[in-house]
Amino acid sequence: MAGSSGKNINVTIKVWRQKNKNQKGQFETHEMKGVSTDMSFLEMFDVLNERLITEGKDPVAFDHDCREGICGMCSMYINGRPHGPKQGVTTCQLHMRSFKDGDIIVVEPWRSAAFPVIKDLAVDRSSFDRIMAAGGFVSVNTGNAKDANNILIPKDDADEAFNAAACIGCGACVAACKNASAMLFVSAKVSQLALLPQGQVEREERVLNMVKQMDAEGFGNCTNTGACEAECPKGISLENIARMNREYIHASTIANRK
Amino acid sequence: MSNSKGFLKSSIGRKFVMGLTGLFLVSFLVVHVSINSLLFLCDGGETFNAAADFMAHNPVIRFLEIGLFIGLIAHIVQALVLTLANKKARPQGYAQVNGAANSTWYSRSMGLLGTLLLLFLVMHLYHFWWPTKVAVFTHNEHNTFEEIKAVFTDGTMGVISVVLYVVGCLSLSYHLLHGFQSGFQTLGLNHKKYTPVIKKIGIIFSIIVPLVFALMPIGFMAGFIH
């Protein structure tokens with residue numbers, strides 16, 4: 001890679017180790033010497049894991065996939081913040097140049113009753129999938145594709161829907177929230193369809209069913225601290241939560257159905 | 001499919017009650033601070049006593065008072081239910097949390113500030129609401145102005161009362177600083193044009209109202225209310 005800063009630092013990693021969701025976990029300390037500041041945080045963990053494997057020890061389990069900030073798999077809670085100290089990035093896009101020589105870095109899994117720990121730093125986020133399955137889709141009739149300009153959408157609405165759709169479902173909002181609330185995630189998924197004409201048919205059912213599933217999964221309740229918005233790697237706005245509240249209040253009270 | 005029956009038991013339904021009752025209690029503060037500001041007229045409490053007497057005997061106000069208590073209790077009950085659910089949502093906490101990086105301390109401490117306010121309110125009702133009720137039902141003459149003055153000028157106890165009232169006003173200020181705009185957000189009233197205005201009004205309200213309230217006990221003690 002061009003433009004290497006060529007610096008190496010020493011850091012101490014305090015990482016959460018937990019065999020499975022039923023066992024109690026604890027922190028494990030590892031000294032990382034000569035870490036290149038050009039490494040991503042996950043690459044630093046790769047180095048740690050290779051060392052652990054060579055030593056015949058159990059490597060640290062953590063989620064990752066694309067490593068380019070778009071899949072939403074990486075999920076570490078670093079020094080008291082989801083995805084670490086930088087704003088608007090996922091853990092894979094966090095680099096060791098964001099840390100100083102001699103830093104002690106505490107790494108924990110997302111902590112939420114609805115995200116049980118599978119192992120170490122890997123948590124089960126299938127509660128998000130079940131919320132999506134409850135209503136985060138549009139039903140489309142089969143047949144020929146319609147002409148793109150048949151349905152006109154105001155630019156502002158399209159932009160808003162696109163911004164909401166930028167959510168990668170990583171769960172940082174839940175991790176950051178003092179109440180472990182999933183309302184930023186659910187509201188983004190409600191909004192991206194509520195703003196578009198294609199989402200109107202199932203609009204009321206969608207918000208009712210998704211909120212019902214969200215509550216059933218055991219997520220907490222939003223108190224509008226704004227921590228989720230500040231920590232979201234995709235900058236999903238709190239406006240979405242207000243929109244979801246509006247949609248839900250409308251669907252439960254004013255909407256003309258049983 | 002879910003229906004409207006589950007609304008008040010849902011997360012958003014409970015939050016809706018929180019927001020609505022919170023803003024209702026804010027509207028009460030407007031009335032309360034307006035009438036109490038008559039104390040600053042320094043006419044020996046004449047105007048203030050007349051207003052207090054009207055509030056204590058007017059049947060419409062008495063009816064609204066019941067609504068106020070219902071609103072307050074609903075606000076407290078929902079807060080308890082929501083807080084317990086929130087604790088359950090994260091059974092194991094983090095070893096390290098950097099909350100200051102993403103939110104204000106008072107937005108994260110609404111439960112604590114609310115509890116302080118409740119404790120303050122118990123003392124406040126004991127000081128002023130209860131004696132007024134007793135006087136109304138026993139048809140005794142009483143001078144509200146003198147009663148207030150006595151609480152804050154009673155030697156050491158008076159100083160303690162003034163300090164507790166100032167702490168109460170400070171709790172109110174921070175509770176409102178988050179609660180005012182949070183109430184609108186919860187009700188879904190978020191708008192590109194109006195939300196920045198609501199936030200500004202919220203900040204001004206959260207500073208001015210508790211400040212005016214705090215100046216009352218201080219005024220009695222310092223003697224600039226007479």
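**Exercise 1**

Decide whether Arg67(A) is buried, partly exposed or exposed, then find where Arg67(A) sits in chain A and check the sign of its phi.

*Solution.*
- Start with the accessibility: Arg67(A) has a relative accessible area of 26%, so it goes down as partly exposed. The cut-offs are under 20% for buried and over 50% for exposed, with partly exposed in between (1.4 Å probe, protein chains only).
- Next, the location: Arg67(A) is in the loop between α1 and β3 (77-78) of chain A. Helices (H or I, at least four residues) and strands (E, at least two) are DSSP runs, numbered from the N terminus.
- Last, the backbone: phi of Arg67(A) is near 60°, which is positive, and the residue isn't a glycine.

Some ground rules before going on: this is a predicted model, where local features need pLDDT of at least 70 and side-chain atom pairs need pLDDT 80 or more, while totals for chains, interfaces and linings use all residues. Residues are numbered from 1 along each chain as its sequence is written, chains are lettered from A and ligands numbered from 1 in the order in which they are written, and side-chain values use heavy atoms, with hydrogens and water left out.

**Exercise 2**

Work out what surrounds Thr12(A), beyond its neighbours within four places in sequence.

*Solution.*
- Place the residue: Thr12(A) belongs to strand β1 (residues 8-17) of chain A. At 14% relative accessible area, Thr12(A) is buried.
- List the partners: Thr29(A), His30(A), Glu31(A), Asp103(A), Ile104(A) and Ile105(A) are in contact with Thr12(A), once neighbours within four places in sequence are set aside. Contact here means heavy atoms within 4.5 Å.
- Look at one pair: Ile104(A) is 92 residues away from Thr12(A) in sequence, yet their C-alpha atoms are 4.7 Å apart.
- Then the side chains: Thr12(A) and Glu31(A) make a polar contact through theirs, at 3.0 Å. That term stands for a pair of N or O atoms within 3.5 Å; within protein, one must be able to donate a hydrogen and the other to accept it, and residues adjacent in sequence count only if both atoms are side-chain atoms.

**Exercise 3**

Find out which parts of chain A the salt bridge of Asp38(A) and Arg97(A) ties together.

*Solution.*
- Check the distance: the two side chains meet at 3.7 Å, N to O. A salt bridge needs a side-chain nitrogen of Lys or Arg within 4 Å of a carboxyl oxygen of Asp or Glu.
- Map the ends: Asp38(A) is in the loop between β2 (26-36) and α1 (41-54), and Arg97(A) is in the loop between β4 (81-82) and β5, so the pair links parts that are 59 residues apart in sequence.
- Compare the surroundings: Asp38(A) is buried at 19%, while Arg97(A) is partly exposed at 49%.

Now do it for chain B.
- Glu65(B) and Lys133(B) form a salt bridge at 3.2 Å, N to O. Helix α3 holds Glu65(B) and helix α5 (residues 110-137) holds Lys133(B), so parts 68 residues apart in sequence are tied together.
- Both Glu65(B) and Lys133(B) are buried.

**Exercise 4**

Describe the interface of chain A and chain B by its residues, its area and its polar pairs.

*Solution.*
- A quick reminder: an interface's size is often given as the accessible area lost when the parts come together.
- Residues: 54 come from chain A and 38 from chain B.
- Area: about 3700 Å² is buried between the chains, with carbon and sulfur atoms giving 53% of that. Arg111(A), Asn221(A) and Asn224(A) supply 16% of what chain A buries against chain B, more than any other three residues. Buried area is the accessible area (1.4 Å probe) that two parts lose on being put together, summed over both.
- Zoom in on Asn224(A): it lies in the loop between α6 and α7 of chain A, is buried at 6%, and has a positive phi of about 55° without being a glycine.
- Polar pairs: there are two salt bridges between the chains and 27 residue pairs in polar contact, both residues at pLDDT 80 or more.
- Pick one bridge: in Glu239(A) and Lys192(B), the closest N and O atoms are 2.7 Å apart. Glu239(A) is partly exposed at 25%, whereas Lys192(B) is exposed at 56%.
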